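Subject: Structure for your review

Dear colleague,

Please find below the structure that I am handing over to you. My findings follow directly after it, and I would be grateful if you read them with the coordinates open.

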Amino acid sequence: LNNMLMLMWRKSPLFWTFFLFLFFATSSLAKHRVRNVYDHSAWTECQAEPVAQLYNGGILRNKFPIYQPVKDINGDMVDSPTLSLENLSQGSIYSFSSWVRVKNVNSALVTATVKPDNKYAKCIGSVIAKKGCWSFLKGGFLWDSTSNSSEIDFQSSDRTKKFVEIEIINYSLQPFTEREWKLNQFEEIKTERKRGVTIHVVDKNGLRVTGAAVKLSQISTDFPIGTMISRTILGNLPYQEWFLKRFKATVFENELKWYKTEPLPGQFNYTVVDQMMKFVRKNKLIARGHNMFWDDPVYVQDWLENMTAPQLQRAMKSRIKSVMSKYRNEFFHWDVNNELLHFDFYEKKLGPKATLDMFKSMQREDPLATLFLNEYNIVERCDSKTNVDRYIDTFKELKKGGVKVAGVGLESHFSAPNPAFMRAVLDKLATLKLPIWLTEVDVSSMYGLEEQAVFLEQILREAFSHPSVNGIMLWTARSPGGCYQTCLTDEKFQNLPTGDVIDQLLLNEWTTGTKRGKTNEFGSYNFRGFLGEFKVSVLYNRTIVNSTFSLGHGVDTKHITIHV
């Protein structure tokens, strides 16, 4: 054996160098597993007494805030709590949390910021804090500064509130190296997206068969990842071929929106949608319905703007009936009212229950419809107009109104992603116990192609590894003029760096692929695979037996018995 190893070393020293590096790196990572596991805990209800700090406070253990003048969003100087930070490590990711309370107003949007190089305030999380109880703020940041010190400040981001007094307690800041963060992702994927399988091969008498050849192929995965298409895919065979090799899920860019299907009152035009649906059906794709209504007045037809409330309600009812009757059960999701936290066209016209009435009307028209809200700047970055708590409150209000909201839509139009902030927001949304989808993922075109690819990979890994995320839709349709923000290919449908990221993750890393082996002395073949549908073939004594099975979520090993 020693002679064989020496021979292999001489023939391929680079391979063995890499092998030894991987072995020791993996052993080193394993040591961190127990010490630095990410804590997904989150609370969205205001508490009379705060829960204990996460990570026992992390590097803020035994630290106390000082109160000093901080300029709030209105430009007023207010004494607010500040936490000093030392020994920060460049390249590390920091998970932050704190319980927050306001004293002199009923409620306010409170933002926590950190100052890289003490130049500008960078938001790391926000919360709707209330008077008389404690609210949980969770966020974080990537420290990319060469400085090793800074401070965390708290201030009101509510323009309607002046001189907000803020209190904090049970705060925590936990550092993770990049390796530790990725290891946490790896462990989550192994636990949430994969499951162990034992295939037992027995003969007609029930005796175990050893040495049988087993071949496994994954037909489909349970975690849908798709991308947006537009009419430009119709008749474009190279585009279709590239798309179908990678995706089984899609959403239409603009073709299904109201201003496209009814540009003038009563003049419905579904010609392009019908053609795109033929493509969807022919290729056995699943498609999201985007969208029924859009609260942004920029995308509301001119003929709707001057309607009275009763006239608008009749037009909306006609819109729902027209679409739902024509495409009943065709779309597996429906975005009911797009971007309702940023815009309010329908609320201004119909009152605060406008969105509730939309849901009720769609449920009456099709009780089986799966209805979503869809919003931006929830996971991407802080936004003074909205935050995760306001989004959660909207879901709760709709539930109180008697409608079932089936899922949480997160548009996910990113610039440079903040992984700790993104994960923290997903933790809070998970308390709703609803399916969570990233619905329009892209990266700003302000970045170069290589940088876009790096950021896209970070976003996809963060989403795929989070246990409460159920699917991802990219916003990357190719048009003659390019793409909205992010392209995956060039005009000849050759991969860009972003497309290479998709291929690496979807076609290689996040699928089980094909496995071959033989049953052991117990007549079994064991493997760990990604959840989804599998085809299995067993060859024994010149006889081939084919079978299929579904691998769903579970902590136990799934057992499959095949008779030969």
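In this predicted model, helix α12 lies across strands β3 and β6, and its direction is at about 155° to β6. Angles over 145 degrees count as roughly antiparallel, so α12 is roughly antiparallel to β6.

The strands beneath this description belong to an open sheet of three, in the order β6-β3-β8, with antiparallel pairing. Its edge strands are β6 (135-142) and β8 (166-176), each of which pairs on one side only. From one strand to the next, the twist averages 20°. Strand β3 (residues 93-102) is joined to β6 by eight bridges, and these two strands run antiparallel. To place the register, you may take F96, whose bridge partner in β6 is G139.

A second helix also lies on strands of this sheet: α3 (residues 178-192) lies across β3 and β8 and runs at about 90° to β8. Since angles of 65 to 115 degrees count as roughly perpendicular, α3 is therefore roughly perpendicular to β8.

Returning to α12, I note that the helix is mostly covered, with 11 of its 11 residues buried. The buried residues include the charged residues R423, D427 and K428, as well as nonpolar ones such as F421, V425 and L426.

Helix α12 (residues 419-429) also packs against helix α13 (residues 449-465), at an angle of about 30° and with the axes 10 Å apart. That angle makes α12 roughly parallel to α13. The crossing of the two helices is right-handed. Which residues meet in this contact of α12 with α13? From α12 they are P419, M422 and R423, and from α13 they are I459, E462 and A463. By class, the contact has four nonpolar and two charged residues, and no polar ones.

Finally, there is a hairpin elsewhere in the chain that you may wish to view. Strands β23 (residues 532-540) and β24 (residues 543-551) run antiparallel and are joined by nine bridges. Within this pairing, S537 has N546 of β24 as its bridge partner. Two residues lie between the strands of the hairpin, and N541 takes a positive phi near 50°.

With kind regards

Notes
Residues numbered from 1 in each chain as written. Predicted model: local features only at pLDDT ≥ 70, side-chain atom pairs only at ≥ 80, totals over all residues. Heavy atoms only, no water. Axes fitted to C-alpha atoms, helices over the stretch in contact; angles between N-to-C directions. Helix = DSSP H or I, 4+ residues; strand = E, 2+ residues; numbered from the N terminus. Parallel < 35°, antiparallel > 145°, perpendicular 65-115°, else oblique. Left-handed = near helix turned anticlockwise from the far one by under 90°. Contact = heavy atoms within 4.5 Å. Buried < 20%, exposed > 50% of the residue type's maximum accessible area, 1.4 Å probe, protein only. Pairing = 2+ DSSP bridges.
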